[in-house]
Amino acid sequence: MNTENRNFPARPPPSFSSSPFASAPPPGVPPQSVGPEAVGFRPPTRPFTPPGPPMAPPAGVMRPGQPPLVSQIPGSRPPGPPLPSFPSTAYGPPGGGGGSFQRFPTPPPPFPATQNPPPSGPSPPQTLAGHLSPPMSFRPQQPMGPPPPSMTSGLPGGFASPPGPGFQQSMPGGPQPSYPGYPSNQVLQGPPKPFQSPSQGPPSAVSSYPSQTGGFSQHPGQQNMHPSYAPPPTSNVQGLVEDFNSLSLSNIPGSLEPGLDHTSFPRPLDGDVEPSSFAEAHPMNCHSRYLRLTTSAIPNSQSLASRWHLPLGAVVCPLAEAPEGEEVPLIDFGSSGIIRCRRCRTYVNPYVTFTDSGRKWRCNICSMLNDVPGEYFSHLDATGRRMDMDQRPELTKGSVEIIAPTEYMVRPPMPPIYFFLIDVSFSATKSGMLEVATQTIKSCLDNLPGYPRTQIGFITYDSTLHFYNMKSSLSQPQMMVVSDLDDIFVPLPDDLLVNLSESRNVVEAFLDSLPLMFHDNVNVESAFGPALKAAYMVMNQLGGKLLIFQNSLPSLGVGRLKLRGDDPRVYGTDKEYTLRVAEDTFYKQMAADCTKFQIGINVYAFSDKYTDIASLGTLAKYTGGQVYYYPGFQSSIHGDKLRHELARDLTRETAWESVMRIRCGKGIRFSSYHGNFMLRSTDLLALPAVDCDKAYAMQLTLEETLLTTPTVYFQVALLYTASCGERRIRVHTAVAPVVTDLGEMYRQADTGSIVSVYSRLAIEKTLSSKLDDARNVIQQKIVKALREYRNLNAVQHRLGSRLIYPESLKFLPLYGLAIGKSTPLQGGPADASLDDRCAAGFTMMALPVKKLLKLLYPSLFRVDEWLLKPSADLDDLKDVVRRLPLAAESLDSRGLYIYDDGFRLVLWFGRMLSPDIAKNLLGSDFAAELSRVTLQEQENGMSKKLMRLIKKVRENDPSYHPMCFLVRQGEQPREGFLLLRHLIEDQMGGSTSYVDWILQLHRQIQQNA
Amino acid sequence: MAWDLFLWIISFVISLALVASVFYQVICLTDLEADHMNPFETSTCINRLVLPEFILQGSLCLLFLLTWHWFFFLVSLPVTCYHAMLYNKRRHLIDVTEVFRGIDFEKKLRFTKLGFYISLFILVVFRLTLSVVYSLTEDDDLFHLF
């Protein structure tokens, strides 16, 4: 602080040395030092940002300093602006009683000087925006008239933003004449070297203060987007860099002029590009694979939040797979116990600050001062940084895993438990499901997590229930049949669930014999409900994972279901949604009971007929599980897919008996949660079994009308039992700045996260209303958001008939279209079977962001040219896979294309594709109808190459196993069903094409704009 | 007149029971919000009471109709209809898996019902006192006749 004083000769020293710091950041926020990238630029402006009455020096003191300051301006300013006008209007003596208002505009002029720094540094004025920004009404009083070009472009974005609290306070009462001094000081200080040392000095924890990326430097043009200052003369338009992207659309909405270039429409052909600037600015935040906010700028007031029509929230994937070398560090606090805030229970994280020479720490979320336990004590160095910082990952990393002591257990940590509930009726054996499933389970026995504690058990059922005693002392499993479905009892409750390592031989013998035992079963009934109850009774001592293999509609006992998808009269009516929710309350009740006893359910459904996935999936939805659906399962076709996905389900690292909570700063609250889980209390997600493939979305609301803190912290905590038997807490911490400016929120928006929240909202909407309504809701939300953005920019720019959108949201319209065309929401009743819809809905509710985006806008790429190239190898997938727009015109009839949405691979053979390629790839079957051909590796280089490519595509994302479909151009209706319908940019049936969609959005945005 | 007294005593008991039941449900919901109760307990507690409440309220309404108390019948009719509608749509029970999504509505509904039952209760108490007084004066009259 002392060094700073040296730089402000014009100021009264005592009042300035400390007060800006004392008053600007709320307690608990580290001194605003800056990341190394901001060195020398930000600090100088910081101390001045919150000019408030207390620190404003009296006018008399300030005056003397003025003349020299004014004279300095020209030097530090880019040449051009008519400088004399500034001193005269801005720095002149106060003009009478209205002086405070008149003078308000004066602070800006010096800012152009601060424009000069390179565009990479985080910019100063965020807090300026917060504390200094004037009410809109001041602007018209701007006495300067139309500013020169450099002037207009030099206006900081922060200045024109909506009124912030700080400034308003200072305006009316404070000793106004001090104002001129501020800016001029800034000019003086533009890039003062002395600052570098102090700003580098502070510890890294301190650098956590969010460097606001708004304002000037990162987006050179954006200062113009505010309806600020004075309307620019048209001749100066070149000075107005547009901060937004735009699409030129024809003047008359609806009439498609030839000039409309739809190839220039934005398309996410590079996949999901996450906004990186935010992550770079906050290196101690957890990685975006764990937590993605819908916008990294949190609005400071409810009124601002209500103008932000996009969702405000986050998508959390607590156990996302980390690449090699970035694993989450494991920490044991040992005897000191886990360091948490006494009041809000926040875990210690990189953003807490240590004070009182290391004896206390301040919680970053509730700013409570806590004691540091003796065992955890460490001295602070001169900058207030803990000496042992480098040895403490929890103080440097946004994601850590903490070993929980016994206080975090209500019972001894459970062993991993896998319980299988297998349908052995006629269709299950005939389709080969039983065989594939038992083989896969057997092959995975070695890889089940948690050896040697893992437990396993089986129940099979058709019209009766079959229990298997697999006690380790037996050599063969004993089968017990219970046929009384009304009054279920469990024979030998202790021996049905056995330790795998002890009973390994019995289990293997059982799995070998199971397909043979029911080989000629002709029973077509399914007593699913009673079987589920029995499984529940076996498992409710310990919990675990229940895998259900269901082949037909449950037909006997409690929970039997009706064929209800058949009635065409229901479709399109207000009752339609009832088909998409569980028919029988039995399922919801069972799901709730299972969650209560830590049972997570995964449903595998195989029938080619209606199986009421809506009801069965409910079990998975509320127990944090997932639904796998293989319509018309045939082991020859779907066997591989089931094998891979079941193996992944069994062997991936799973967190047992877990609960998740996300904490955030005062004034905001997570109000709704979306995904597959059950809420245990208002903000506690119960997740009996959770793994890396599950993500949860949540939405925020502001509880206070005004947030006064400059930043908001989020902390996700997942308390779980690891397969090894340790109780652990995974903690992800992130910080986001609070902003006063809507434009900044748009700039920091994250399309992926927004789309993820939207798709979940839309799917939830289909459970209570018509598909049309659900699609309209999404459309309206997008229209509102873009309209607000248009209004934000309309004042300053001549938008004409352009559709404008921020860079960060350029794919939002397309993804919105894709949501409307995704399986759960698409078209009318005939476009997808009810089961398909529901299964896809349950899947999409759990998908992490990247996977969802790929499903919404799948990749399409051409491979024939690459296959023909003799030398090209598969070194870099990116080179091969040049993604094409998803439109029929991307398909050339001489080519071979692969369509990949993460769940299916479709190989499309053009009609004129050279027969050589087809022959090489398909062997002798190349001329046959492709529905009967499966892709197999042939004895030639080309086929091997293709298979390697497919293998690589599959390995890229192991969470699902995309099945290969082959289709030839013109092979209707397969072609339409497999591919054409998923070319979402085209018009299919009643749906709109991308161009029409954009025009439609544009028209709606302009209405009432 | 003794019948009338009897009617009002029954109505008194029923409306008191209704008030108590709804009050208990409100308490359960607030407990749930404050995290003193988990959704499983809350929904069992509340769902156990829902049908008895509907039946009691319905029978009270019927009783008013049969005894030709138009005013009281019309007052309680809307609630009976609403209950019947909920029951027909199978939405009368609290959904344990989605308690928190509907908790605001459920609370508001129960607060409204609580207010309604309390006013009904007050009216009934008023009529009860009236009829008690009447029956007493009537006795007095009879007494005086002799």
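**View 1. Helix H27 of chain A and its buried residues in the predicted model.** The buried residues of H27(A) are Leu812(A), Pro813(A), Leu814(A), Tyr815(A), Gly816(A), Leu817(A), Ala818(A), Ile819(A) and Gly820(A). The helix runs over residues 812–820, and nine of its nine residues are buried, so H27(A) is largely enclosed by the rest of the structure. A residue counts as buried here if 20 or more other C-beta atoms lie within 10 Å of its own. Which elements do the buried residues of H27(A) pack against? Four of the partners are helices of chain A: H25 (751–766), H26 (771–794), H29 (849–856) and H35 (994–1006). The partner list also includes strand S25 (802–805) of chain A.

**View 2. The annotated helical domain of chain A.** An unreviewed UniProt entry gives "domain: Sec23/Sec24 helical" for residues 750–853 of chain A. In the model this span is 62% helix and 4% strand. Its end C-alpha atoms lie 12 Å apart.

**View 3. The annotated zinc finger span of chain A.** The unreviewed UniProt entry places "domain: Zinc finger Sec23/Sec24-type" at residues 338–376 of chain A. Helix makes up 0% of residues 338–376, and strand 23%. The C-alpha atoms at the two ends of the span are 10 Å apart.

**View 4. Gly572 of chain A in its loop.** Gly572(A) sits between strand S15 (544–550) and helix H21 (585–596) of chain A. Is Gly572(A) buried or partly exposed? It has 13 C-beta neighbours inside 10 Å, and therefore counts as partly exposed. Leu771(A) lies 199 residues away from Gly572(A) in sequence. In space, the two C-alpha atoms are 8.4 Å apart.

**View 5. Two cis peptide bonds in chain A.** One joins Tyr451(A) to Pro452(A), with omega near 5 degrees. Pro452(A) belongs to the loop between helix H18 (433–444) and strand S11 (455–461) of chain A. The other joins Gln972(A) and Pro973(A), with omega about 0 degrees. Pro973(A) lies in the loop between strand S29 (963–968) and helix H34 (974–978) of chain A.

**View 6. Chain B, a run of helices.** Chain B has four helices and zero strands. From the N terminus its elements read α-α-α-α. The radius of gyration of chain B is 19 Å, well over the 15 Å that the globule rule gives for 146 residues, so chain B is more spread out than a compact globule. The C-alpha trace of chain B spans about 70 × 30 × 20 Å along its principal axes. Of the 146 residues, 24% count as buried. Among contacts in chain B between residues at least 6 apart in sequence, 77% join residues at least 24 apart.

**View 7. Annotated transmembrane regions of chain B.** The unreviewed UniProt entry marks "transmembrane region" at residues 5–27, 54–82 and 114–136 of chain B. Residues 5–27 are 100% helix and 0% strand, with end C-alpha atoms 33 Å apart. Residues 114–136 are 100% helix and 0% strand, with end C-alpha atoms 32 Å apart.

**View 8. Helices H2 and H3 of chain B in contact.** The axes of H2(B) (residues 39–66) and H3(B) (residues 70–88) come within 9 Å and cross at roughly 145 degrees. The crossing is left-handed. Which residues of H2(B) meet H3(B)? H2(B) brings Phe54(B), Gln57(B), Gly58(B), Leu60(B), Cys61(B), Phe64(B) and Leu65(B). Facing them in H3(B) are Phe72(B), Phe73(B), Ser76(B), Leu77(B), Val79(B), Thr80(B), His83(B) and Tyr87(B). The residues of this contact divide into 10 nonpolar, five polar and no charged.

**View 9. Two loop residues of chain B with positive phi.** Asp35(B) is not a glycine, yet its phi is about 70 degrees. Asp35(B) lies in the loop between helix H1 (2–33) and H2 of chain B. With 12 C-beta neighbours inside 10 Å, Asp35(B) counts as exposed. Trp68(B), also a residue other than glycine, has phi near 65 degrees. The loop between H2 and H3 of chain B holds Trp68(B). Trp68(B) is exposed, with 8 other C-beta atoms within 10 Å.

**View 10. Where chain B touches chain A.** Nine residues of chain B are in contact with 11 residues of chain A. On the chain B side, four are nonpolar, two polar and three charged.

Terms used:
Residues numbered from 1 in each chain as written. Chains lettered and ligands numbered in written order. Predicted model: local features only at pLDDT ≥ 70, side-chain atom pairs only at ≥ 80, totals over all residues. Contact = placed C-beta atoms within 7 Å. Nonpolar A, V, L, I, M, F, W, Y, C, P; charged D, E, K, R; others polar. UniProt positions renumbered as here; feature names shortened; annotations may be inferred. Rg over C-alpha atoms; globule rule 2.2 N^0.38 Å. Axes fitted to C-alpha atoms, helices over the stretch in contact; angles between N-to-C directions. Left-handed = near helix turned anticlockwise from the far one by under 90°.
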